[in-house]
Structure formats: C-alpha cells, structure tokens
Amino acid sequence: MSKVYEETKYLMKKYGITANKKLGQNFLIDDNVIETIVDSSKISKEDLVIEIGPGLGSLTRKTIRKSRKSCSY
C-alpha cells in the first residue's frame, strides 16, 4: 500500500470522516498520481499556489515544498 493511502485511512478513522460518493467526494491516495500532478504543474519557488478543497492535504504537502507559499481554502 502507498504511504498516502495509509495516511488517508488513518486520518479518516481518527476523525470519523467518510466520503459521500453521492456528492462525488473522493480522496487522492495514489503517490504516483500526486507526483505526476506536481511535476506537470511546474511549480517553482516563485509561485503562490492556492488550492481549493484540499481534502486531507496529500497534494498540499507536495506543492508546499515546491512553491513560495501555498494557501488552502
């Protein structure tokens, strides 16, 4: 299992979070997909990244390392 998958399971259980599929709620849990998104976005230390609906933060943690600053709403 991926690290992100295990972290997501842990956080969901800890805080009693469940995804409502009827509302289209999903969590990004594939490390490779996260890396592909971040790499293809070509984020640099000059960029300010604003993420809307960050979920549990799996993508946020990766973008924060590449950008000047990151905000989640």
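Relative accessible area is divided into three classes, buried meaning under 20%, exposed over 50%, and partly exposed in between (1.4 Å probe, protein chains only). Under this scheme Glu 35, at 32% relative accessibility, counts as partly exposed.

The structure is a predicted model, in which local features need pLDDT of at least 70 and side-chain atom pairs count only at pLDDT 80 or more, whereas totals for chains, interfaces and linings use all residues. Residues are numbered from 1 along each chain as its sequence is written, and side-chain values use heavy atoms, with hydrogens and water left out.

The predictor's confidence in each residue is expressed as pLDDT, on a scale from 0 to 100. For the protein chain the mean pLDDT is 87, and 92% of the residues reach 70 or more. Confidence is highest in helix α2 (residues 31-41), with a mean of 94, and lowest in strand β2 (residues 69-72), with a mean of 63. Where pLDDT is low, the predicted coordinates should not be read in detail.

Secondary structure was assigned from DSSP runs numbered from the N terminus, helices being H or I runs of at least four residues and strands E runs of at least two. The protein chain contains three helices and two strands, arranged along the sequence in the pattern α-α-β-α-β. Along the principal axes, the C-alpha atoms fill a box of roughly 35 × 25 × 20 Å. Of the 73 residues in the protein chain, 23% are buried. The accessible surface, from the Shrake-Rupley method with a 1.4 Å probe and, for residues, with only the protein chains shown counting as cover, amounts to about 5600 Å², of which 56% belongs to carbon and sulfur atoms. With contact taken as heavy atoms within 4.5 Å, residues 24 or more positions apart account for 34% of the contacts with a separation of 6 or more.

Side chains of opposite charge can pair when their charged atoms come close. A salt bridge is here a side-chain nitrogen of Lys or Arg within 4 Å of a carboxyl oxygen of Asp or Glu, and by this rule the count comes to three. In one of them, Arg 61 pairs with Glu 7, the closest N and O atoms being 2.9 Å apart. Arg 61 lies in helix α3 (residues 58-66) and Glu 7 in helix α1 (residues 3-15), so this pair ties together parts that are 54 residues apart in sequence. Arg 61 is partly exposed at 35% relative accessibility, and Glu 7 is partly exposed at 27%.

Helices α2 and α3 are linked by a salt bridge between Glu 35 in α2 and Lys 62 in α3, which are 27 residues apart. The closest N and O atoms of Glu 35 and Lys 62 are 2.8 Å apart, and Lys 62 is partly exposed at 26% relative accessibility. A salt bridge also forms between Lys 66 and Asp 39, with the closest N and O atoms 3.7 Å apart. Lys 66 belongs to helix α3 and Asp 39 to helix α2, again with their positions 27 residues apart in sequence. Relative accessible areas of 34% for Lys 66 and 43% for Asp 39 place each residue in the partly exposed class.

Local features were also identified at the two ends of helix α2. At the start of α2, a side-chain oxygen of Asp 30 reaches to within 2.8 Å of the backbone nitrogen of Asn 32. This is a polar contact, defined as a pair of N or O atoms within 3.5 Å; within protein, one must be able to donate a hydrogen and the other to accept it, and residues adjacent in sequence count only if both atoms are side-chain atoms. Just after α2, Lys 42 adopts a positive phi of about 55°. Most residues other than glycine have a negative phi. Lys 42 is located in the loop between α2 and β1 and is exposed, at 66% relative accessibility. The C-alpha atoms of Lys 42 and Ser 67 are 9.6 Å apart in space, while the two residues are 25 apart in sequence.

A nonpolar surface patch is formed by Leu 48, Ile 50 and Ile 52, with about 330 Å² of accessible area together. Patches are made of residues with over 30% relative accessible area and no salt bridge, like charges being joined within 9 Å and nonpolar side chains (Val, Leu, Ile, Met, Phe, Trp, Tyr) within 5 Å. Within this patch, Ile 52 occupies the loop between β1 (48-51) and α3 and is exposed, with a relative accessible area of 72%.
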